[in-house]
Amino acid sequence: MTGTSQVRPDATSRTTLDKAADENFPVAPFFLPRAWRDDLMAVYGFARLVDDIGDGDLAPGGGDARHLGVDPGQAGDRLAMLDAFEADLRRVFDPAGPAPGHPLLRALVPTVRNSSLTPEPFLGLIGANRQDQLVRRYETYDDLLAYCELSANPVGRLVLGISGTATPERVRLSDAVCTALQIIEHLQDVTEDLGRDRIYLPAEDMKRFRVTEADLAVPSAGAAVRQLVAYEAERAGQLLNEGTLLVGSVHGRLRLLLAGFVAGGRAALASIAAAGHDVLPGPPKPTKPRLLREVGAVLRRAHREG
């Protein structure tokens, strides 16, 4: 497997890639083989850019729009940008056609070829961001799970594809972990999401706990909101526990990477609980010592079960 460093990012793309340092989990940690790190960064560049398009967080100057063949004056048209991004993505999978226009997608070409990746996970992530433009509330938990199938599960499947370890059972376990991590992130970001007129707490659960949208727009959560967050956190924890078997099913440095993902979710849940499930003042973040303790616990469990 060869890396993707032969495609040098321009300043606009570097702005996107530099956001890796701010993610909840290490994107391409140092202990992985160089080829894996390059491939994971190529996938990260894609995933970060599509999220930035969907959230309206593109670098200023219109560089991304120009790369995608969109008039920079239309860079704020998120659906048009997502359509152009999908068209450019399809060039990644067409070796007989022209090269992709965006440097981050050109960097993805060697990864796709060497790991025999398919378009579906990438299209899922684009589809999730399209859905964010059209759907701002979720009626049921199943509706939210269907969204996570697009927004989160493709990432785990791509990691398994890059590492050459995908099996149907591992994909199932990976989906459980990724969905759990997405729900946890939604719990941490209730206030930020509300600022974008998005609520990822299922409406049926809000009704059950007698929580209104106005209850989410205050500086600190009342008892009902805390109970709702605790309920959703428990659900996410159950999914995370189910998916933890994935860590014990692999070996070596991949086991350490996946343990980091699971431990990050566990540590985030612990930080939410430590805040009394009051997520409204801002995202409760785990401390580094807590994260390291969770990594150790996940690895010990994996050793027993692996």
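Contact here means heavy atoms within 4.5 Å. The structure described is a predicted model.

Under that criterion, Tyr141, Leu144, Leu145, Tyr147, Cys148, Glu149 and Ser151 of helix H8 meet Asp175, Thr179, Gln182, Ile183 and His186 of helix H10. Helix H8 spans residues 141-151 and helix H10 spans residues 168-188; the two pack at an angle of about 110°, with their axes 9 Å apart. Since angles of 65 to 115 degrees count as roughly perpendicular, H8 is roughly perpendicular to H10. The residues of this contact comprise 6 nonpolar, 4 polar and 2 charged.

Two participants in the H8 and H10 contact were examined individually. Tyr147 lies in helix H8. At 4% relative accessibility, Tyr147 falls under the 20% limit and therefore counts as buried. Apart from residues up to four places away in sequence, Tyr147 touches Ala128, Gln131, Asp132, Tyr138, His186 and Tyr200. Of these, His186 also appears among the H10 residues that meet H8. The C-alpha atoms of Tyr147 and Gly127 are separated by 9.2 Å, and the two residues are 20 residues apart along the chain.

On the other side of the contact, Thr179 belongs to helix H10. Thr179 is buried, its relative accessible area being 6%. When neighbours within four places in sequence are left aside, the contacts of Thr179 are Leu145, Cys148, Ala152, Asn153 and Leu239. Leu145 and Cys148 are among the H8 residues that meet H10.

The largest nonpolar core of the model contains 81 residues, and Phe46, Phe85, Leu108 and Leu216 have the most contacts inside it. Helix H15, residues 252-274, gives the most to this core, with 10 residues. In soluble globular proteins, nonpolar side chains tend to be buried together. For Leu108, the contacts beyond neighbours within four places in sequence are Ala42, Val43, Phe46, Leu89, Val92 and Phe122. Phe46 is thus named both as a contact of Leu108 and as one of the core residues with the most contacts.

Aromatic pairing was also examined, and the count comes to 8 aromatic pairs. In the pair of Phe46 and Phe85, the ring centres are 5.2 Å apart and the planes lie at 25°; planes under 30 degrees apart count as stacked, so this pair is stacked. The pair links distant parts of the chain, with Phe46 in helix H2 (residues 34-55) and Phe85 in helix H4 (residues 78-92), 39 residues apart. Phe46 and Phe85 are both buried. Together with Phe93 and Phe122, Phe46 and Phe85 form one aromatic cluster. Phe122 is also in contact with Leu108.

The two helices joined by this pair contain further buried residues. Met81 is located in helix H4 and, at 0% relative accessibility, counts as buried. Not counting residues up to four places away in sequence, Met81 touches Ile53, Leu58, Asp64, Ala65, Leu68, Val70, Gln74 and Ala75. The C-alpha atoms of Met81 and Asp64, 17 residues apart along the chain, are separated by 9.1 Å. Leu40 is found in helix H2 and is buried, with a relative accessible area of 9%. The C-alpha atoms of Leu40 and Ala223 are separated by 41 Å, and these residues are 183 residues apart along the chain.

Backbone geometry was considered next. Most residues other than glycine have a negative phi. Ser116, which is not a glycine, has a positive phi near 50°. Ser116 sits in the loop between helix H6 (108-115) and helix H7 (120-134). With a relative accessible area of 60%, Ser116 is exposed. His277 likewise has a positive phi, of about 60°, although it is not a glycine. His277 is found in the loop between H15 and helix H16 (288-305).

Helix H16 also contains Glu305. The relative accessible area of Glu305 is 41%, and Glu305 is partly exposed. The C-alpha atoms of Glu305 and Leu245 are separated by 7.5 Å, the two residues being 60 residues apart along the chain.

Note on methods: Residues numbered from 1 in each chain as written. Predicted model: local features only at pLDDT ≥ 70, side-chain atom pairs only at ≥ 80, totals over all residues. Heavy atoms only, no water. Core = buried A, V, L, I, M, F, W, Y, C linked by side-chain atoms within 4.5 Å. Buried < 20%, exposed > 50% of the residue type's maximum accessible area, 1.4 Å probe, protein only. Helix = DSSP H or I, 4+ residues; strand = E, 2+ residues; numbered from the N terminus. Axes fitted to C-alpha atoms, helices over the stretch in contact; angles between N-to-C directions. Parallel < 35°, antiparallel > 145°, perpendicular 65-115°, else oblique. Nonpolar A, V, L, I, M, F, W, Y, C, P; charged D, E, K, R; others polar. Phe/Tyr/Trp six-rings, centres within 6.5 Å; stacked < 30°, edge-to-face > 60°.
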